[in-house]
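Me: I would like to go through this structure with you, taking the ligand surroundings before the strands. Please reason through each point before giving the value or name.

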Amino acid sequence: MGAIVTVGCQWGDEGKGKIIDVIAQEADCIVRHQGGNNAGHSLRIGDQDYVLHLIPSGILYPGRRCIIGAGVVLDPLVLWEEITHLRSRGVAVSPENLMISGNASLILSYHRLLDGLDEEARGAARVGTTRRGIGPAYMDKVGRLSLRVFDLIDADRFRERLRPVLQHKNRVLSQVYGHAPVNYDEMLATYLPMGEKLAPFVGDEVPELNAAIDAGKRVLFEGAQGALLDVTYGTYPYVTSSSTGAGGACTGAGVGPTKVEKVLGIAKAYTTRVGEGPFPTEADPATADLIRNAGPIGEFGATTGRPRRCGWFDVPLIRRSVMASGVTHLALTRLDILSEVSIIKVCVGYRLGRHRLEVAPADAALLSQVEPEYEEIPTWGVDLSGITNEADLPSGAREYLRRLEDWVGRPIQMVSVGPGRRQTIIRAESLFS
Ligand code: IMO
Ligand code: MG
């Protein structure tokens, strides 16, 4: 059995954390491979809520190996805070169950600063980033200016590598943005202790993951963000700066595509988006408000608290994500929310001038011009949050699942009806087959 890659099929916030947590019951090893602490993966275990930004969701099960791969941009301060927070809540986090790749690029204070300054400077053309330094850190990675985890855990090397990079950053800060420089000694005082704390966790994921898969271990790749935020295939320029599609698991964790057996696409029963950019099925303000506030956890950003834009399930966009990531199966989340709306619409195609499109167009700029073609689905109006068996779903909800499977062309293997672990309908013997 090879690895499972999970991919968000929309613009992030598909409920990946919860789905990954459920699959992690069956997994030996859970891996983050792209993005950084722009992700916010919410989990409810019993009456406890957790939000994880960097550490893979499997950390809450004892005995699981969690790995942060080299494709992640890692803010050491945030990682240490997350470790400390989890420990304070009784979750064991040690080099036994958490490994971070020495090759992961660091997010440092000037990246966060530059993310905010750049957003301000762009004015109306801003992306609406999480301002966590993600874009500037990936720019440095590709521009060969990154400091990596390996640099952080060697104090001399960090001192030496930081000096010229910081000189360059300070020129940009002062000459482009008119901002005060960042102090070299203060950075050393902040980051060198982090290097000491994180050193025991540092390792090499390439031999470990390949050996694990070859030995038949169950490896689960935890996607962050969503396929529509992919830096190449997403709705550019309103995207994040990493490869959020399934291929990112290979480039960000040192595992070849021959080792991936299954790609699970995770989608909400409707659509949301945070930040700027086109959104064809965005609902009218009253309906969006209703969706946003329905259910036990509203549609507000887990990372930034921003209200999410809400709208209907968009089949042409999902078809694009399914193709670009080779999705084999689907997990549908937040079906319970649709119990609270008085009509349910699904966009099954677009009109663009005289043309009908079945798949979202390659040019993301056209997305703001398409007109969605909707089908209405009968509502069911019954609370789904206590249902754990498919047979107990009202016929309207079953019909919704059947029609989505038809439109998207992939089987729905998991259905989530609430934030809790047990609020999940699993339509497969084992998720690893
Ligand atoms: P999870 O993993 C939703 C969005 C931001 C912004 C764009 C670029 O929780 O699904 P960035 O800070 O990455 O440079 O911002 O991407 N974005 C997300 N939206 N969920 C996320 O992660 C996101 N991560 C980034 O809102 O529009
Ligand atoms: Mg999020």
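Me: In this predicted model, how far is an oxygen atom of ligand 1 from a polar backbone atom of Gln-225?
Reply: Side chains also supply N or O atoms to oxygen atoms of ligand 1, with His-41 at 2.8 Å and Thr-130 at 2.6 Å. For Gln-225 the partner is a polar backbone atom, and its distance from an oxygen atom of ligand 1 is 2.9 Å.

Me: What percentage of the accessible area of ligand 1 does the protein cover?
Reply: On its own, ligand 1 has 550 Å² of accessible area. The part of this area that the protein covers is 97%.

Me: Which domains contribute at least three residues each to the shell around ligand 1?
Reply: There are 20 residues around ligand 1, and Asp-13, Lys-16, His-41, Thr-130 and Thr-240 come nearest. By character the shell divides into seven nonpolar, ten polar and three charged residues. At least three residues come from each of domain 1 (3–90 + 204–426) and domain 2 (105–200).

Me: Which strands stand at the edges of the open sheet, and why is one side of each left without a neighbour?
Reply: The ten strands run in the order β9-β7-β5-β2-β10-β1-β11-β15-β19-β20, with mixed pairing. Each edge strand has a single partner strand, so one of its sides has no neighbour in the sheet, and these strands are β9 (202–203) and β20 (424–426).

Me: Which residue of β9 does Ile-100 stand opposite?
Reply: Strand β7, residues 98–101, pairs with β9 in the parallel sense over two bridges. Opposite Ile-100, the residue in β9 is Val-202.

How values were computed: Residues numbered from 1 in each chain as written. Chains lettered and ligands numbered in written order. Predicted model: local features only at pLDDT ≥ 70, side-chain atom pairs only at ≥ 80, totals over all residues. Heavy atoms only, no water. Near = heavy atom within 4 Å. Polar contact = N/O pair within 3.5 Å; in protein donor to acceptor, adjacent residues only side chain to side chain. Areas by Shrake-Rupley, 256 points an atom, 1.4 Å probe, with all protein chains shown as cover. Nonpolar A, V, L, I, M, F, W, Y, C, P; charged D, E, K, R; others polar. Domains from an automatic or database assignment. Pairing = 2+ DSSP bridges. Helix = DSSP H or I, 4+ residues; strand = E, 2+ residues; numbered from the N terminus.
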